[in-house]
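The following exercises concern a single protein chain, and each is followed by a worked solution. Please examine the sequence and the structure before reading on.

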Amino acid sequence: MRILDPHIHMYARTTDDYEAMSLAGIESVVDPAFWLGSARHHAGTFYDYFEHLLGYEAERAAMYGIQHHCTLSVNPREANDLALANEVLERLPEYLDRPRCIAIGEVGFDRQTEAEEEIFRKQARLGRERNMPILVHTPHQYKRVGVERTLRILEDVGVDQRLVIIDHNTEETMPLFAGTEYWVGLTVYPVTKLSPERAVNIARQYGIERLLVNSSADWGPSDVLSVPRVARQMLSVGFSRAEVERLVWENPIRFYSQSPNFTVPVGAEHLASARRIALA
């Protein structure tokens, strides 16, 4: 079975992780910009990080036969230093134009502050102006309130819902997407997010249309094999192999292939977004 993990922070992982992922069938990853575990104080540290994701990290993945793309942004956890965040945003567009950058993200809320909203709105407008996919982070605390606020902002900015993936959802936030065209992300991550069993139950209740599942593996006690574990759990409870592959392979390709910078994996050309073809 072919697998694409659409949200994993490989900057924080080891080469042993790449080896395990490759052996488990993960052929492609998307590596979103995120905070580095401590506060940054200089804009240059962001630019160095962006360069790492665009260059060396892709080379490191390729050594294990894994395709690597990234998304770039000022992460919501780093948005509360407004002066620094706005300085970084001045140069962000030049990095968004680079090959392998396929979306703006992560953006959204962490502590749901006014500063976070200001930076979120600016980056959402940037995505709208560039017709780029947008990856939205939802807060760990007061999640439903945060998702409701996120949806109001996205509507106010006027983004194309088909170009937005709203991530880290749980059972309490899934009903908020009824009647929308947003893509919805589930994160399988020990302690703070979902278990494979909970993720599969959500997929069974709401279906797999416009649904993505990811590991968000990072510095914390996380698992780079979360997506293969979800695939195994789905098969064990009666999902067909075709349904599982649609969730863990076809759906992320359909979403991210809306970006002209996304390299469609060999053998998956038929999955490329019709929107991408129209734009070409």
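## Exercise 1: Helix 9

Helix 9 spans residues 241–256, 16 residues in total, and extends 22 Å from its first C-alpha to its last, close to the 22 Å expected at 1.5 Å a residue. The model is a predicted one.

**Task.** Determine where the kink in helix 9 is centred, and state which residues of helix 9 are buried.

**Solution.**
Step 1. Helix 9 has a kink of about 45°, and L247 is at its centre.
Step 2. Buried residues have under 20% relative accessible area. In helix 9 these are V244, L247, V248, W249, E250, N251, P252, I253, F255 and Y256.
Step 3. The two results meet at one residue: L247 marks the centre of the kink and is among the buried residues of helix 9.

## Exercise 2: Backbone geometry

**Task.** Identify which residues a cis peptide bond joins, and give the phi values of Y142 and R210.

**Solution.**
Step 1. The peptide bond between G105 and E106 is cis, with omega about 0°. E106 belongs to strand 4, which covers residues 101–108.
Step 2. Y142 has a phi near 50°, positive although the residue is not glycine. Its position is the loop between strand 5 (134–137) and helix 6 (143–157). Y142 has a relative accessibility of 68% and therefore counts as exposed, the cut-off being over 50%.
Step 3. R210 likewise is a residue other than glycine with a positive phi, here near 55°. The loop that holds R210 runs between helix 7 (196–206) and strand 8 (211–214). Because its relative accessibility is 27%, R210 is classed as partly exposed.

## Exercise 3: Salt bridges within a helix

Side chains of opposite charge can pair when their charged atoms come close.

**Task.** State how many salt bridges the structure holds, then describe the pairs R91 with E94 and E148 with R144.

**Solution.**
Step 1. The total is 19 salt bridges.
Step 2. In the pair R91 and E94, the closest N and O atoms are 3.0 Å apart. Both residues are in helix 4 (residues 82–96), and their spacing of three residues is about one turn of the helix. R91 is partly exposed at 34% relative accessible area, and E94 is partly exposed at 42%.
Step 3. The side chains of E148 and R144 form a salt bridge with an N to O distance of 3.3 Å. Since these residues are four apart in helix 6, about one helical turn separates E148 from R144. E148 counts as partly exposed, with 29% relative accessibility, and R144 is also partly exposed, with 33%.

## Exercise 4: A salt bridge between helices

**Task.** For the salt bridge between E114 and R149, decide whether E114 is buried or exposed and whether R149 is buried or exposed.

**Solution.**
Step 1. The side chains of E114 and R149 meet with an N to O distance of 3.2 Å. This pair connects distant parts of the chain, 35 residues apart: E114 is in helix 5 (residues 114–130) and R149 is in helix 6.
Step 2. E114 has 59% relative accessibility and so counts as exposed.
Step 3. R149 has 14% relative accessibility and therefore counts as buried.

Conventions. Residues are numbered from 1 along each chain as its sequence is written. This is a predicted model: local features need pLDDT of at least 70, side-chain atom pairs count only at pLDDT 80 or more; totals for chains, interfaces and linings use all residues. Side-chain values use heavy atoms; hydrogens and water are left out. Buried means under 20% relative accessible area, exposed over 50%, partly exposed in between (1.4 Å probe, protein chains only). A salt bridge is a side-chain nitrogen of Lys or Arg within 4 Å of a carboxyl oxygen of Asp or Glu. The expected span of a helix is 1.5 Å times one less than its number of residues. The bend at a residue is the angle between axes fitted to the seven residues ending there and the seven starting there.
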